[in-house]
Structures are given as structure tokens and as C-alpha cells.
Amino acid sequence: MSSLRDYGLGDSTENVTSKPRLVSGQLDEACPNCGGIALFGIHVDVEHPNLKGSKGTGFYVGCAACPYASPMLMTAGTVKPKEEDAK
Ligand SMILES: [Zn+2]
């Protein structure tokens with residue numbers, strides 16, 4: 001795994017049970033690694049024993065132009081994208 005994704009939190013990909021899916025348009029914010037305006041919000045389904053019901057949704061910000069990804073926030077339950085974002 002790229003060191004760009006090593007925050008000392010361990011490898012969370014073992015908790016991910018789905019392919020990543022975009023839940024935002026292009027964010028109006030520069031990538032902290034490459035400086036490009038190419039960041040997107042991403043959801044994945046996750047399983048983790050610390051989550052109520054053991055299942056939840058992970059959110060992180062990833063860059064389309066370089067390997068940068070933020071630390072992932074995991075919340076219990078299924079987070080549905082807003083209807084206008086799902087189109
Ligand atoms: Zn980048």
C-alpha cells in the first residue's frame with residue numbers, strides 16, 4: 001500500500017466489503033499531495049466489530065490524479081447518498 005495512505009492506523013481495506021462509489025461531485029478543494037483540484041468523496045461498505053451491528057459505511061476523500069486518500073471515517077448503518085447525488 002502506498003505510503004500516501006499510511007496514517008499509522010493500520011490497513012483498513014480488510015474491513016471493506018464493496019467496491020468504492022462516488023458520493024460527491026468534484027470537491028472545491030486542492031489535493032494536499034499533488035495540489036490538483038481532483039478530490040472526490042467516496043463511500044464503501046464496511047464490516048468492523050466496533051460498529052453497532054458490525055456493519056456500516058466508510059467515507060473518505062480520494063484524489064483522481066494521484067494515490068492520495070484521506071483516513072476513512074466509519075459509521076454504523078447504511079448511508080444512502082442524497083437523491084440528487086445518486087443520479
Ligand atoms: Zn492528488
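**Figure 1. Contacts and burial in the predicted chain**. Of the contacts in the chain with a separation of 6 or more, 45% are between residues 24 or more positions apart. The model is predicted. The chain has 87 residues, and buried residues make up 11% of them.

**Figure 2. Secondary structure along the chain**. The chain contains one helix and four strands. In sequence order, these elements give the pattern β-β-β-β-α.

**Figure 3. The open sheet of four strands**. Across the sheet the order of strands is β1-β2-β3-β4, and the pairing is antiparallel. At the edges stand β1 (21–22) and β4 (73–76). Each of these two has a single partner strand, so one of its sides has no neighbour in the sheet. In general, strands of a sheet pair through backbone hydrogen bonds, and the pairing is either parallel or antiparallel.

**Figure 4. The pairing of β2 with β3**. These two strands run antiparallel and are joined by nine bridges. β2 covers residues 39–47, and β3 covers residues 55–63. Leu39 stands opposite Cys63, a residue of β3.

**Figure 5. Ser54 in the loop between β2 and β3**. Ser54 has a phi near 65°, which is a positive value in a residue other than glycine. Most residues other than glycine have a negative phi. Is Ser54 buried or exposed? Ser54 counts as exposed because it has 11 C-beta neighbours inside 10 Å, and the cut-off for exposed is 12 or fewer.

Note on methods. Residues numbered from 1 in each chain as written. Predicted model: local features only at pLDDT ≥ 70, side-chain atom pairs only at ≥ 80, totals over all residues. Buried ≥ 20, exposed ≤ 12 C-beta atoms within 10 Å, placed from the backbone. Pairing = 2+ DSSP bridges. Contact = placed C-beta atoms within 7 Å.
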